[in-house]
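Work through the following exercises with the sequence and the model open beside you. Each task is followed by a solution that goes step by step.

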2 protein chains.
Amino acid sequence: MKRRKVANVLGLAVLSVVQERPMHPYEMATVLKQRGKDADMPIKWGSLYTVVANLEKHGFVEAVESVKDGGRPERTVYRITPAGRAEFEDWVRELVGTLDREPPRFKAGLSMIGVLGPDQAISRLRERLAQLGERAEAHRAALEQLRPLLPRLFLVEVEYDLAMTEAEARWVRGFLEELTTGALPGLDAWRRYHETGEFPDDLGEFVER
Amino acid sequence: MKRRKVANVLGLAVLSVVQERPMHPYEMATVLKQRGKDADMPIKWGSLYTVVANLEKHGFVEAVESVKDGGRPERTVYRITPAGRAEFEDWVRELVGTLDREPPRFKAGLSMIGVLGPDQAISRLRERLAQLGERAEAHRAALEQLRPLLPRLFLVEVEYDLAMTEAEARWVRGFLEELTTGALPGLDAWRRYHETGEFPDDLGEFVER
DNA sequence: TCCGCAATACTCGTCTGCGAGTACTCGTAG
DNA sequence: CTACGAGTACTCGCAGACGAGTATTGCGGA
């Protein structure tokens, strides 16, 4: 599977707006911000002009005109090409149809949670749980406010995020429960390891997956 | 919040292994692969030597000795420093205690699912659902196999991933249900928009969040 | 005994992402 | 009427990241 000619997700965002009507880069940024697309994906505005130039280089957009408006610097207006339209749809198809290869960073953290003692682990997890609660609440509020204004289709990504946030909260709560009630087996060994630095050597170190 | 001196997650992985005992870079790679840490985080082995050099530059690890073994090139063995140990723990604390700022790419895809028609959306979502099923199955198998060999603590990230995978599958299944039964309101408008390219203008375009 | 492939242990050059800066303009409060 | 802060519309330099390459050794098979 050859990777995309323009890999930066900002490229996708750009395509999604020029696909509606021709625009100049700064306007794209404005529209994207105003629609809150930066909440759906990680966007670095510093890369905007580079990305647009790349899209042009690969024939996904083309310059239409240079407008001079007032004393400002010239603005180049870009339009999407048929190739760009195809790329955009294909990109969305890929995002919807295939799993992310990059696991969330929390998974990396969990896989190393051993270094924190049980006590630190508990307090950190409590913090995370609080943040998850806030995020869920924010999404619920947004949904309630937007539901009467927008078709379901445009809210689906928020519903998804809410569902995942709640699921993670549930999992963290469950894990926390095990930690605080002492139900998790090996808790003592863990605490001993963290306090003394000694490794209980009764575990077969050499495990392959 | 100042960002980490060494930002690459591979740096975290490296710290997690040198923290146990001094090692040379290639050995770190071997150990990390053998423990399957590359499933917990996105690791590019091409960056290994750069990252180790950076960790050294910032005083998180230091060179101990250069071993010459057989006719092979020299291997520099690195040891973790106290600063490195602190950085490592702090990094894990951050990963466990705070939410990822980068939403999953699927969310970006969902937010643009409109461009695919309902039919394409359905078939793509079916594919995703199948992949989610496979992933869940793989995790269940891994857990079953590893549970008798390893303490719970070392399996927690797999349990988390499994829980999240199942949650996503549930959500996708639900959404798919709405699409296929026609329960989702606005389905006709969507299909019409996709076939004709015309936008039903009965929606207030200018919505801020 | 000779070949070829896998593993070992790196190195290098390219490319690009993006933070930080710049320069100009407009509205407005004093 | 002027100074200042908030936009507007970009530009640039450079640190990294990473793919692809390289050179050597060991080993199994024919």
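**Exercise 1.** Determine which turn and which shift along the axis lay chain A on chain B.

*Solution.* A turn of 180 degrees with a shift of 0.0 Å along the axis lays chain A on chain B with an RMSD of 0.0 Å, where the copies are superposed by least squares on the C-alpha atoms of residues with pLDDT of at least 70 in both. The two copies are thus related as by a two-fold rotation axis. Of the residues of chain A, the one that comes closest to this axis is A167(A), whose C-alpha lies at 3.1 Å.

The model is a predicted one, in which local features need pLDDT of at least 70 and side-chain atom pairs count only at pLDDT 80 or more, whereas totals for chains, interfaces and linings use all residues. Residues are numbered from 1 along each chain as its sequence is written, and chains are lettered from A and ligands numbered from 1 in the order in which they are written.

**Exercise 2.** Describe the side of chain A that touches chain B: how many residues does it take, and which helices supply them?

*Solution.* Counting two residues as in contact if their C-beta atoms, placed from the backbone, lie within 7 Å, the contact takes 68 residues from chain A and 68 residues from chain B. At least two residues each come from helix 1 (9-18), helix 4 (82-97), helix 5 (105-111), helix 6 and helix 7 (156-181) of chain A, helices being DSSP runs (H or I, at least four residues) numbered from the N terminus. By class, this side of chain A has 38 nonpolar, 12 polar and 18 charged residues; Ala, Val, Leu, Ile, Met, Phe, Trp, Tyr, Cys and Pro count as nonpolar, Asp, Glu, Lys and Arg as charged, and the others, Gly among them, as polar. Because 100% of the interface residues of chain A are also interface residues in chain B, the copies meet through the same surface.

**Exercise 3.** At what angle do helix 6 of chain A and helix 4 of chain B pack, and which residues make the contact?

*Solution.* Helix 6 (residues 118-146) of chain A and helix 4 (residues 82-97) of chain B have axes 8 Å apart and pack at about 40 degrees, with axes fitted to C-alpha atoms over the stretch in contact and angles running from 0 to 180 degrees between N-to-C directions. The two helices are therefore oblique to each other (under 35 degrees counts as roughly parallel, over 145 as roughly antiparallel, 65 to 115 as roughly perpendicular and the rest as oblique). Helix 6 of chain A contributes Q120(A), A121(A), R124(A), L125(A), E127(A) and R128(A), while helix 4 of chain B contributes R93(B), V96(B) and G97(B). These residues divide into three nonpolar, two polar and four charged.

**Exercise 4.** Find out how helix 1 of chain B crosses helix 3 of chain B, and which residues of helix 3 are buried.

*Solution.* The axes of helix 1 (residues 9-18) and helix 3 of chain B come within 9 Å and cross at roughly 70 degrees, which makes helix 1 of chain B roughly perpendicular to helix 3 of chain B. The contact joins L10(B), G11(B) and V14(B) of helix 1 to L48(B), V51(B), V52(B), N54(B) and L55(B) of helix 3, and has six nonpolar, two polar and no charged residues. In helix 3 (residues 48-57) of chain B, V51(B), V52(B) and L55(B) are buried, a residue being buried if 20 or more other C-beta atoms, placed from the backbone, lie within 10 Å of its own.

How values were computed:
A residue is buried if 20 or more other C-beta atoms lie within 10 Å of its own, exposed if 12 or fewer, and partly exposed in between; C-beta atoms are placed from the backbone.
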